[in-house]
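Colleague: I'm new to this one and would like a tour. Could you bring it up on screen and start with something small?

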Amino acid sequence: MRVLAQIAMVMNLDKCIGCHTCSVTCKQTWTNRTGVEYAWFNNVETKPGIGFPRRYEDQERWRGGWTLDRRGRLMLRSGGRVRRLLSLFSNPHLPALEDYYEPVTYDYDNLLSAPAGPDLPVARPRSVLTGRPTAITWGANWEDGLGGAPEHAGGDPNLSGEWAEKVRFEFEQTFLFHLPRLCEHCLNPACVSACPSGAMYKRAEDGIVLVDQDRCRGWRMCVTACPYKKVYVNHATGKAEKCTFCFPRIEAGQPTVCSETCVGRLRYLGLLLYDADRVGEAAATPDEQDLLDAQRGVFLDPRDPDVIAVARESGIPGDWLEAARRSPVYDLVARYRVALPLHPEYRTLPMVWYVPPLSPVLDAVGAAGGDQDDPDHVFAAVTRLRIPLEYLASLFTAGDTDVVGGVLMKLTALRSYMRAVSLGDAADEADGTALRAVGLDDAEARDLHRLLAVAKYTDRYVVPAAHKEDAAALTAVESGCPVESAGGLSGAGPSAGGRVSLGMPTLRRTSPEGHA
Amino acid sequence: MNTGTSSLAPASVGGAGLLLWVAVPYACLAVFVAGHVWRYRQDQFGWTSRTSQLLEHRWLRWGSPLFHLGTFMVIAGHVVGLAVPASWTRAVGVDEHLYHAAAVWAGSAAGAAMVAGLGMLCARRLLTRRIRLGTDRSDKVLFPLLSLTVLLGIWATAAHNVLGGGYDYRETVSVWFRGLFALSPRPEAIADAPLLFRLHALSACLLFAAWPFTRLVHVWSAPVGYLVRPYLVYRRRTPAPAAPCRTRSRSRS
């Protein structure tokens, strides 16, 4: 057993209202620079929808993540090592800019400089890349709130089979929910494994997956390998960039920017202890639907004395172990098992998990004339309503509807029990029959309810600061401003004195028309 | 270096000859070496292939593999043609006729692939506005210089060895080339070579001088180590107190 700690995230999707605050604050913090205009380390998708970049979940097309070879061994879906090196010259599975979108700016100057005339001056969109007027035809949240869904959403790779036809044909009665996405900081990261330069790595201390900007040589294999398409090429520097999990904030004991600014308070941050020796074995689990349990099996109980002993031995400090015991992520993922990973079938063992949304099912119950508050109605709906359930299963459990259904029933039972307890008007429900049916007792129900409904800032974000012993290394990071150069990421270049510009990557491009 | 059967007399080549065939090559080599050391130490962040596949992929799909694979063959051909004395190839039983035929045929194929690929890469750089605007100063030196060198080389071969009567550069240009590295320069060996060969050699010298300051540095980062390294890379933020860490994060240095 080799115990490592990882800072992980859970999102409660029922609470996401799709306000995009996380995306905007992330953008302002990390990707408001030349070269990554099109990159969104965090974005919010509407589901059903084809996502960003387009149809990124279609791994037949993009070849992201892992698969098993004939002998049951893990291999990258984009092929073995030799094939990867042979595709260095032209990577056949790299999304083009059109699969993201062409970044634009607006002709704001025209608002002030237009000559006096009868018409109100307007700010026309211009391509950031060419400086020319352009039509905006796609964006990172183009499908927001099912916008354009009759035209596009049928292309959602999660929609397949008969029930999918039904979704398409009855779109007026369909469901939607929002799915905020960021880098999963996987236990078995395909991007790291695909990097020919060895520039990508997973930090042993906190599990954050980073790109060493000094060692990246722009081979762009990570973009293909990441099944979530959360590694981006900076087209100005020619290097890969990705979500950093806001490591400077995490090291200081603060939540990530997306979590900090989440209006719906739906994000949870906390430590998970895991056994690094069992990662490969878990990722190679033969049946895709067993991957969820296999990954849960890699996580270690922070209250187990054996785990604590080994963790201390391997240098995990005491306050980190204490934080691991208070981790809301551990509770949601392993203790109450209401959080699920996004697309476990990619075999990367992702570390950003989701509490699946109950709202699609409740909407359907309401539409069918049922009582959303009656667990019997909801339970019946969960077992009968194939459409949302199959869809959620294809997102979170590799198609296993029993697991998703079980989580939804648990959430339903919890709701009705806590409603009865709080209002005190339905004694027969407060006896907890439904609750026991989903495997919760009164104390657990109250604890889970507190975590899901009323948890405060310090309960949602249990982030232990990096350690004093590391102070020297941290100072080196803090002395550099994240946006001091147009091209680089914070802490990514040599120290300021040694930086030499060859006029290559730090372009602040000015187009002939003067728009940049 | 052994001059083989060369009958060239160690005649005086004059000041211009010394400048062009001794001073310039050594200066370019010096810039090549010192430039790489300097760039590697000072500009890891700029050391990249500068991929533009994101912005344009249709021309690149064919142009880039053609260019790169063609280039590998061309480099191999130059190593054989320049570094290996004719006496060595004769010693292993490759006579002049066989060598000439192989060089012309393989060289033509490699050269054609390289020219076609480079042409496509240049075309996309010129015709795709996104890429043209993203082209930086080093590219504006590199692409013309590389194209010039390649075209001069192809032209010299075509004019003298494919269409012409055949010119044995191994008795002249190669002797000069090896002399540079043997530290006994033989400027007189190349001084009387046909003009195209001399221009090709000079532009190649300039290309080597420009090399460390362009995206060509990515050649030295060819990731062959990837074939043997473990898939999963862990790194510590700081060297572990107990065991010294193998790869301290450079990003924090």
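**A walk through chains A and B**

Modeller: Sure, one pair to begin with: Tyr201(A) has Leu210(A), in β9(A), as its bridge partner. This is a predicted model, where local features need pLDDT of at least 70 and side-chain atom pairs 80 or more, while totals for chains, interfaces and linings use all residues. Residues count from 1 along each chain as its sequence is written, and chains are lettered from A and ligands numbered from 1 in the order written.

Colleague: How many bridges join β8(A) to β9(A)?

Modeller: Three, and the two strands run antiparallel, with β8(A) covering residues 200-203. Strands pair here if DSSP finds at least two bridges between them. Strands (E, at least two residues) and helices (H or I, at least four) are DSSP runs, numbered from the N terminus.

Colleague: Which strands form the open sheet with β8(A)?

Modeller: Three strands, in the order β9(A)-β8(A)-β1(B), with mixed pairing. The edges are β9(A), at 209-211, and β1(B), at 234-235, and each of these pairs on one side only.

Colleague: OK, chain B, then. What does its pattern look like along the sequence?

Modeller: It reads α-α-α-α-α-α-α-α-α-β, so to speak of totals, chain B has nine helices and one strand. Of its 253 residues, 32% count as buried. Buried takes 20 or more other C-beta atoms within 10 Å of a residue's own, exposed 12 or fewer, and partly exposed is in between, with C-beta atoms placed from the backbone.

Colleague: Which residues of α6(B) are buried?

Modeller: They are Leu146(B), Thr149(B), Val150(B), Leu152(B), Gly153(B), Ile154(B), Ala156(B) and Thr157(B). These buried residues pack against α4(B), residues 96-127, and α9(B), residues 195-210.

Colleague: And Ala123(B), buried or exposed?

Modeller: Exposed, because Ala123(B) has 12 C-beta neighbours inside 10 Å. Ala123(B) sits in helix α4(B). From Val33(B), Ala123(B) is 90 residues away in sequence and 31 Å away in space, C-alpha to C-alpha.

Colleague: Back to chain A. How many helices and strands are there?

Modeller: Chain A has 24 helices and 15 strands. Of its 516 residues, 53% count as buried. Take the contacts in chain A (C-beta atoms, placed from the backbone, within 7 Å) between residues at least 6 apart in sequence: 68% of them join residues at least 24 apart. For chain B, that share is 82%.

Colleague: There's an open sheet of five strands too. What is its order?

Modeller: It goes β13-β12-β1-β15-β14, all in chain A, with mixed pairing. The edge strands are β13(A), 299-300, and β14(A), 340-341, each pairing on one side only.

Colleague: In which sense do β1(A) and β15(A) pair?

Modeller: Parallel, over four bridges; β1(A) spans residues 3-12 and β15(A) spans 352-355. One matched pair there is Asn12(A) with Val355(A) in β15(A).

Colleague: What about β11(A)? Which residues are buried on its faces?

Modeller: Both faces of β11(A), residues 239-242, are covered. Lys239(A) and Glu241(A) are buried on one side, and Ala240(A) and Lys242(A) on the other. Strand β10(A), residues 231-234, is joined to β11(A) by four bridges and runs antiparallel to it. Across that pairing, Tyr232(A) stands opposite Glu241(A).

Colleague: How many residues are between the strands of that hairpin?

Modeller: Four, and in this hairpin Gly238(A) takes a positive phi near 70 degrees.

Colleague: Which residue other than glycine has a positive phi near 65 degrees?

Modeller: Arg347(A), which is in the loop between β14(A) and β15(A). With 28 C-beta neighbours inside 10 Å, Arg347(A) counts as buried. Phe245(A) is not a glycine either, and its phi is positive at about 55 degrees. Phe245(A) lies in the loop between β11(A) and α9(A), residues 247-251, and counts as buried with 28 C-beta neighbours inside 10 Å.

Colleague: Switching topic: where is Pro48(A)?

Modeller: In the loop between β2(A), 43-47, and α2(A), 59-62. The peptide bond from Lys47(A) to Pro48(A) is cis, with omega near 0 degrees. Pro53(A) lies in the loop between β2(A) and α2(A) as well, and the bond from Phe52(A) to Pro53(A) is cis with omega near -10 degrees.

Colleague: Last one: which residues in α16(A) and α17(A) meet?

Modeller: From α16(A) there are Val361(A), Leu362(A), Ala364(A) and Val365(A), and they meet His377(A), Val378(A), Ala381(A) and Val382(A) of α17(A).

Note on methods:
Two residues are in contact if their C-beta atoms, placed from the backbone, lie within 7 Å.
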